[in-house]
Amino acid sequence: MATRDQNAPVSDPGAEPGVLVREGTYGTRVLEVEPGGAEFIPLNERHGKPLQLFWTWTSPNMEFATIFVGVLGVAGFGLGFWEAALALVLGSAIGGLTQGILSLRGPKYGVPQMVLSRFGFGYWGNILPAGLNSVTAGIGWFAVNSVSGALALNVLTHLPQVLCLIIIVAVQLVVAFFGYNLVHVFERYAFPILTIIFLIAAGVILSKAQPGAPHKTIPGAFLIELGASFGYAVGWNPYASDYTRYLKPDTSKKAIAWWTGAGLFLSCAVLEIVGAAVGTVVSPGNALAGPGGMTSLLATPLADLTLLAIALGAVSANVLNIYSGALSFTAIGIKLPLTARRAIVALGFGIIGFFLAWSGLHDAGTKYENFLLIIAYWIAPWLAVYFCDLLLRRNPHENLLFSARRENWAGPVAMLIGMGISIWLFSNQTEYIGVVPTHIGSAGDLTFEAGFLITAVVYLGWHAIARTGRETTLTT
């Protein structure tokens, strides 16, 4: 059974027996490396307010990767402006809603989201979602956003793309390496800069939009764009409690859900709609090529500021991606006897992500479209397991999260079945087109909807037949 580390604070951490408590002291210090990894945060270390979640989830979306989701709908899929806007609002709203709900357990359980995932997957079964998230967040998203930031810096400074990429990655790694407190401070100070610049740029671009511009929509474009928008917003869901686990247990749940959901929804929906507007006035080739197509609509001083904001926004996004990717890796259950285990993992992911981003500097648009859809393919089934388990166990105890002998194979099995069947039948992207869209093009891409439903049916059916799933504490 897991126990407290000998370096943990002497005072009572407020954890149940069997809960692994984070060692060391951290407090509110900003320029100090956060100790530990995915362990329980002791009560005497808790700090912060719900309001900070607003800029924590707004700043990371103030970047070109968000705008590009909207550009894809019009310039890539051929949707009209209003059709694209509807898909973007719906996808962002669903992602923001689930983000708010997922954030609520952080203060109570004091652990990252991928540790909370053990409720539905068991200790070792949770390797599936935690492993996927560590790769997609710490490496995949890191590479995607590094590319957009590097391209923006390249257009602004005319420095070589590789050098711009090195600059972007270096800044991201420094912030993520120090950890939680510096991440929040960085997002807080980036927030007003990014908001002011992007709101001004958005106003100019929307004033030049041509909502009635003729378009040629590809079959199923609305559902594909809905999936891309959902994939972008929901890509933050596996991180949710990572940024609420330091809050005190009695923090207002309403405030946590509101500031989290509002920050994510507003930033995604507004900038994605701006991207759709870009697609109505810029040729598809230029719109899909990178930040230059967007900034061509702006006067030079504002264009330069916007490029700078895009680069800063990419850093804002990636400090979260690499921080949470490292937490997810430590949540797999691999024992790393280092006080700075999370920081070391973050550094390793950053190095790998750099080389992946380097390879993605060319043909970034197509790779990004596929990546957005793939994110939704696995996160929707994971969400189904998480929410179904929440229905079965309304108030489980912390010690269920840290016992390596606790199993719940319904979770990984249901998720794999949901992913396999939904991708086989409904996937619609350049790498693979499923059975349904192959024969019925207007079906678009229903993979995330089908994956969620199939996984939920399998998970709930498993526990109904086996008459299991309602345990609330670990028995010895």
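This is a short tour of the predicted model you have open, one selection at a time.

Before clicking, some ground rules: residues count from 1 along each chain as its sequence is written, and side-chain values use heavy atoms, with hydrogens and water left out. Because this is a predicted model, local features need pLDDT of at least 70 and side-chain atom pairs count only at pLDDT 80 or more, while totals for chains, interfaces and linings use all residues.

**The whole chain**

Start with a cartoon view. You should find 19 helices and zero strands; these are DSSP runs numbered from the N terminus, with helices being H or I of at least four residues and strands E of at least two. Now colour by accessibility: 62% of the 476 residues count as buried. Buried here means under 20% relative accessible area, exposed means over 50%, and partly exposed is in between (1.4 Å probe, protein chains only). As for contacts (heavy atoms within 4.5 Å), residues 24 or more positions apart make up 82% of those with a separation of 6 or more.

**The core**

Next, select Phe-198, Tyr-243 and Trp-382. Of the 124 residues in the largest nonpolar core, these three touch the most other members. A nonpolar core is a set of buried Ala, Val, Leu, Ile, Met, Phe, Trp, Tyr and Cys residues joined through side-chain atoms within 4.5 Å. Add helix 14 (residues 300-331) to the view, since this helix gives the most to the core, with 14 residues.

Stay with Trp-382 for a moment. Beyond its neighbours within four places in sequence, Trp-382 is in contact with a set that includes Leu-102, Met-114, Phe-121, Pro-129, Pro-238 and Met-415. Polar names turn up too, among them Gln-113, Ser-117 and Asn-237.

**Ser-324, on helix 14**

Go back to helix 14 and pick Ser-324. Ser-324 counts as buried because its relative accessibility is 0%. Draw a distance to Tyr-243: the two side chains make a polar contact at 2.8 Å. That term stands for a pair of N or O atoms within 3.5 Å; within protein, one must be able to donate a hydrogen and the other to accept it, and residues adjacent in sequence count only if both atoms are side-chain atoms. Leaving aside residues within four places in sequence, Ser-324 also touches Asn-133, Tyr-239 and Asp-242.

**The cavity**

Now turn on your cavity display. The structure holds one cavity of 30 Å³ or more, and the largest cavity has a volume of about 40 Å³. On a 1 Å grid over the protein atoms alone, a cavity is a set of points where a 1.4 Å probe fits but cannot get out, and lining residues have an atom within 4 Å of a point. Grid points are joined across faces, edges and corners, and the volume is the space filled by probe spheres set on the points.

Select the lining: Glu-63, Trp-141, Asn-145, Tyr-232, Gly-235, Trp-236, Tyr-239, Ala-317 and Asn-321. Helix 7 (127-157) and helix 14 are the elements giving two or more residues to it. By class, the lining has five nonpolar, three polar and one charged residues.

Two of these lining residues deserve a click:

- Glu-63 sits in the loop between helix 1 (52-58) and helix 2 (64-76). With a relative accessible area of 0%, Glu-63 is buried. Its contacts outside four places in sequence include Asn-145, Ser-148, Phe-198, Tyr-232 and Ala-317.
- Gly-235 is in the loop between helix 10 (221-234) and helix 11 (253-281), buried at 4% relative accessibility. Not counting residues up to four places away, Gly-235 touches Trp-141, Phe-230, Ile-375 and Ile-379.

**Out to the surface**

Select Ile-374 in helix 16 (residues 364-392), partly exposed at 40% relative accessibility. Thr-136 is 238 residues from Ile-374 in sequence, with the C-alpha atoms 9.5 Å apart.

Then find His-158, in the loop between helix 7 and helix 8 (161-178). His-158 is exposed, at 68% relative accessible area. Check the backbone: phi of His-158 is near 65 degrees, a positive value in a residue other than glycine. Most residues other than glycine have a negative phi.

Finish on Ser-207 in helix 9 (residues 180-208), exposed at 58% relative accessibility. The Ser-207 side chain reaches the backbone oxygen of Val-204 at 2.5 Å.

Notes
1 Å grid on protein atoms, 1.4 Å probe; cavity = no way out; pocket = protein on both sides within 12 Å on 5 of 7 lines; lining within 4 Å.
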